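Open the model in your viewer and keep the sequence panel beside it. The tour below tells you what to select at each stop and what is there.

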Amino acid sequence: MAVKENLRPGGRSARVQASVHKAARDLLAQMNRAEVTIPLIAASAGVTPSTIYRRWGDLQELLADVAVERLRPDMQPVDAGSGKADLQAWAEQYAEEMSSGPGREMIRDVLAAQAGANACKCCEYTRQQIVVIAERAKARGEVFPDVDRVMDEVVAPIMYRILFGEVPDAARVRDLVSRVMTTTD
């Protein structure tokens, strides 16, 4: 079941979503993940379980929705003075955050959901960050690789390593950035 979009910005729907998200985050922080249930979240949020089932369908979709909100960037990428430096700073921070315990849990929650909408949102958040870096570099008169290329050659290998291998260290991330920037010059 796909997550329903908020039909009304603000209002009861937004309050319910905020309350349910907070309840889910709080319970996940207090207890073992396997013990968290929709009835527990509903009771903590002050809503009925049917409200959660109607909006999210199941626990995994709810956890994915909560994870997506937590993965939404809350600031612009650091301006380190050049496109390469900006991308390097962003990529190192991205790898560190995504490979942390909470980062990996959020990734698993997003990927475990039946609907792919949340994964697409996460991808778009990442893409938007790269667009900001690219536009900033181009405004400085620098050559910067195509955003899709950065996604394929920097972001994808970082995420693959986080999911299936050893966490990419800063040297590996710098190497990925160096390669994509070198072949652009």
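Select Tyr160 and Phe164 in this predicted model. Tyr160 and Phe164 are both exposed. Each of the two belongs to helix α8, and 4 residues separate them, about one turn of the helix.

Now select Trp90 and Tyr94. Are these two buried or exposed? Trp90 is buried, and so is Tyr94. Helix α5 holds both Trp90 and Tyr94, again 4 residues apart, about one turn of the helix. Their rings form a stacked aromatic pair, with 4.8 Å from centre to centre and 20° between the planes. Go back to the rings of Tyr160 and Phe164 to compare: their centres are 5.0 Å apart and their planes stand at 50°, so this pair is tilted. How many aromatic pairs does the structure hold? The count is 2.

**The whole chain**

Deselect everything and show the chain as a cartoon. Which secondary structure elements are there? The protein chain has 9 helices and 0 strands. Followed along the sequence, the pattern reads α-α-α-α-α-α-α-α-α. The C-alpha trace spans about 55 × 35 × 25 Å along its principal axes.

Switch on the surface. The protein chain exposes about 9900 Å², and carbon and sulfur atoms supply 53% of that area. Of the 185 residues in the chain, 39% are buried. If you display contacts, take those with a separation of 6 or more: residues 24 or more positions apart account for 70% of them.

**The annotated stretch**

Select residues 14-74. In the UniProt record, an unreviewed entry, this range carries the annotation "domain: HTH tetR-type". Residues 14-74 are 75% helix and 0% strand in the model. The C-alpha atoms at the two ends of the range lie 19 Å apart.

**The nonpolar cores**

In soluble globular proteins, nonpolar side chains tend to be buried together. To look at this here, select Leu87, Trp90, Ile130, Phe144, Val154 and Ile158. The largest nonpolar core has 32 residues, and these six touch the most other members. Trp90, from the stacked pair, is one of them.

Which helices supply at least two residues each to this core? They are α4, α5, α6 (101-112), α7, α8 and α9 (170-182). Colour α8 separately, since this helix gives the most to the core, with 8 residues.

A second core, of 15 residues, lies apart from the largest one. Among its members are Ala24, Leu27, Ile41 and Ile52.

Return to the largest core and centre the view on Ile158. Beyond its neighbours within four places in sequence, Ile158 is in contact with Ala91, Tyr94, Ala95, Pro168, Val173 and Leu176. Tyr94 in that list is the partner of Trp90 in the stacked pair.

**The salt bridges**

Turn to the charged side chains. How many salt bridges are there? The count comes to 13.

Start with Asp79 and Arg140. Their side chains form a salt bridge, with the closest N and O atoms 2.4 Å apart. Where do these two residues sit? Asp79 is in the loop between α4 (59-71) and α5 (83-99), and Arg140 is in the loop between α7 (117-139) and α8 (147-164). The pair links distant parts of the chain, 61 residues apart. Asp79 is partly exposed, at a relative accessible area of 49%. Arg140 also counts as partly exposed, at 31%.

Keep Arg140 selected and add Glu142. Arg140 forms a salt bridge with Glu142 too, and here the closest N and O atoms are 3.4 Å apart. Glu142 is partly exposed, with a relative accessible area of 25%. Add Asp86 and Arg136 to the selection. Together, Asp79, Asp86, Arg136, Arg140 and Glu142 are linked in a network of salt bridges.

For the last stop, select Arg127 and Asp148. Their side chains meet in a salt bridge, at 2.6 Å from N to O. Arg127 lies in helix α7 and Asp148 in helix α8, so the pair ties together parts of the chain that are 21 residues apart in sequence. Arg127 is partly exposed at 26% relative accessible area, and Asp148 is partly exposed at 39%.

Definitions and conventions. Residues are numbered from 1 along each chain as its sequence is written. This is a predicted model: local features need pLDDT of at least 70, side-chain atom pairs count only at pLDDT 80 or more; totals for chains, interfaces and linings use all residues. Side-chain values use heavy atoms; hydrogens and water are left out. A salt bridge is a side-chain nitrogen of Lys or Arg within 4 Å of a carboxyl oxygen of Asp or Glu. Buried means under 20% relative accessible area, exposed over 50%, partly exposed in between (1.4 Å probe, protein chains only). A nonpolar core is a set of buried Ala, Val, Leu, Ile, Met, Phe, Trp, Tyr and Cys residues joined through side-chain atoms within 4.5 Å. Contact means heavy atoms within 4.5 Å. UniProt positions are given in the numbering used here, feature names are shortened, and annotations may be inferred rather than shown by experiment. Accessible areas come from the Shrake-Rupley method with a 1.4 Å probe; for residues, only the protein chains shown count as cover. Rings of Phe, Tyr and Trp (its six-membered ring) pair if their centres lie within 6.5 Å; planes under 30 degrees apart count as stacked, over 60 as edge-to-face and the rest as tilted.
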